[in-house]
Amino acid sequence: MTTEQPYPYLGRELVEPDWTRFPGWADVTTEQWESAQWQRAHCVKNLRQLRDVLGPGLDDRFVADLERDQAERATMSMLVPPQMLNTMVAHLSPSDPGFTEALYADGVRRYMLPVFTDRRTDWPSHPYATRDSLHEHDMWVAEGLTHRYPTKVLAELLPTCPQYCGHCTRMDLVGNSTPVVDKLKFDLKPVDRYDQMIDYLRRTPTVRDVVVSGGDVANMPFKNLEAFVARLLEIDNIRDIRLATKALMGLPQHWLQSEVRAGMERLATTARERGVQIAIHTHVNHAGSVTPLVARATRAMLDTGIRDVRNQGVLMEGVNADAHTLLDLCFALSDGAGILPYYFYMCDMIPFSEHWRVSVGKAQDLQHAIMGYLPGFATPRIVCDVPFVGKRWVHQLADYDREHGISYWTKNYRTSIERADALALERTYAYYDPIHTLPAEGQRWWHDHAADDTTRGHAAATAAARASREAAAVQAG
Ligand code: SF4
């Protein structure tokens with residue numbers, strides 16, 4: 001019998017892995033490495049560039065595996081900044097024995113450079129997986145402006161990022177088209193979209209909180225981002241502004257640029273004068289990604305006077321879905337970089353994501369396992385983003401059929417497509433566990449019924465959406 005703590009806490013120093021271990025970067029200086037321009041110019045966008053960086057130590061088997069995934073499975077195109085590639089297999093050079101195996105096993109690699117053999121062959125996609133699994137597009141009140149919750153909106157300012165994550169929940173819109181996914185395109189010019197968003201917010205005083213996102217706001221020319229946020233700051237009802245940028249971790253060099261720091265300081269000063277909170281929300285999934293440069297960029301942002309920097313990671317099998325890895329990440333964020341561990345989202349039901357997704361039951365177990373180690377305010381909540389509902393803490397479900405892997409959820413507000421729907425708050429809405437995690441009987445059931453459209457949860461959710469759209473159309477007409 002062991003009497004040790006399940007998680008042995010040890011404060012750890014952050015480490016910037018040595019990029020010169022990669023043959024393609026053997027001569028790269030610190031000055032080059034810390035330049036945002038150099039990082040952007042040397043992102044890995046294809047197999048040839050990956051080979052050029054990693055050199056002959058990279059196994060052909062891995063390259064073929066990656067190539068097949070790009071052709072047959074990938075919903076996001078390849079885009080990995082040097083800063084992120086450098087955190088993969090940080091302890092080995094490509095010429096060291098075991099490098100390719102370590103690359104296969106690496107948590108950051110598993111979501112930034114997914115390969116064909118990572119994916120499931122039994123159920124690569126859930127039968128109810130969809131491109132826009134959160135139905136954000138259905139809830140647009142202006143192009144790119146999703147109004148799902150009563151008091152807050154999501155403004156998707158641009159459809160690009162400095163890095164593309166294999167599991168991106170906005171794979172419908174974000175990034176370049178892939179052989180598997182033809183991406184949705186915005187119709188309006190950016191300037192017209194932003195005008196329409198601002199106009200909606202001015203005439204909707206019930207909205208107080210804007211998530212300024214994309215994509216990643218680090219891909220917007222800073223003066224344009226500053227101009228948009230400055231317009232938000234002029235709207236009396238807007239009290240919270242959150243800037244979404246994974247680049248704080250993936251390309252911290254961007255946020256360390258003097259013109260970006262000066263601009264953020266101007267925004268933070270105006271926000272403080274007006275009593276508005278500006279925070280940065282970033283997206284870090286693994287402790288190895290939290291390096292001294294990430295800590296420096298975070299410090300630089302906090303020094304501008306913004307309210308906070310918070311992390312919204314994604315819970316993924318093979319990346320971070322165990323209590324030790326999650327706690328290592330939370331302590332690296334909190335102790336090392338001053339980033340608040342805030343949420344872990346369950347990976348959404350997009351196509352080809354089953355190998356990453358975990359069941360709600362496992363997410364509940366993980367939430368239990370990470371309680372009590374961090375201060376309460378820094379203990380992240382694991383949340384399920386339930387289609388047509390929104391974020392729910394994973395213990396908030398109304399019912400759970402574990403055999404078929406269907407959880408049922410309720411809500412306490414109407415989304416923008418349910419304003420005329422009297423029954424929206426009385427329904428239950430379904431979320432589905434990955435089928436390969438179910439007991440044998442449940443897996444058999446899905447095998448026999450996957451083509452049907454008759455599970456009660458799915459039928460309820462679909463009917464709710466249809467009824468809402470019809471009601472909205474009647475009202476608008
Ligand atoms: S940074 Fe965010 S929006 Fe961009 S690809 Fe990754 S998950 Fe998607």
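**Core, sheet and ligand shell: a short presentation**

Leu315 makes contacts beyond its close sequence neighbours: leaving aside those within four places, Leu315 is in contact with Asn320, Ala321, Phe344, Tyr345, Met346, Cys347, Val358, Ala363 and Ile382. I should say at once that this is a predicted model.

Where does Leu315 belong in the wider picture? Leu315 is a member of the largest nonpolar core, which has 119 residues. Together with Val80 and Val212, Leu315 touches the most other members of that core. As for secondary structure, helix α14, covering residues 323–337, gives the most to this core, namely 8 residues. As general background, nonpolar side chains in soluble globular proteins tend to be buried together.

Let me now turn to a sheet. Three strands form this open sheet, in the order β11-β12-β13, and their pairing is antiparallel. Which strands lie at the edges? They are β11, residues 399–401, and β13, residues 429–432, each of which pairs on one side only. On average, neighbouring strands of the sheet are turned by 20 degrees against each other, with direction ignored. Between β11 and β12, the latter spanning residues 406–409, there are 3 bridges, and the two strands run antiparallel. Within this pair, Asp399 stands opposite Tyr408 of β12.

Finally, I come to the ligand. Which residues are around the ligand? They are Cys161, Gln163, Tyr164, Cys165, Cys168, Arg170, Val174, Gly215, Asp216, Lys246 and His283. Sorted by class, this shell holds 5 nonpolar, 3 polar and 3 charged residues.

Conventions: Residues are numbered from 1 along each chain as its sequence is written. This is a predicted model: local features need pLDDT of at least 70, side-chain atom pairs count only at pLDDT 80 or more; totals for chains, interfaces and linings use all residues. A residue is near a molecule or strand if its C-beta atom, placed from the backbone, lies within 6 Å of it. Ala, Val, Leu, Ile, Met, Phe, Trp, Tyr, Cys and Pro count as nonpolar, Asp, Glu, Lys and Arg as charged, and the others, Gly among them, as polar. Two strands pair if DSSP finds at least two bridges between them. Helices (H or I, at least four residues) and strands (E, at least two) are DSSP runs, numbered from the N terminus. Axes are lines fitted to C-alpha atoms, for helices over the stretch in contact, and angles run from 0 to 180 degrees between N-to-C directions. A nonpolar core is a set of buried Ala, Val, Leu, Ile, Met, Phe, Trp, Tyr and Cys residues joined through C-beta atoms within 7 Å. A residue is buried if 20 or more other C-beta atoms lie within 10 Å of its own, exposed if 12 or fewer, and partly exposed in between; C-beta atoms are placed from the backbone. Two residues are in contact if their C-beta atoms, placed from the backbone, lie within 7 Å.
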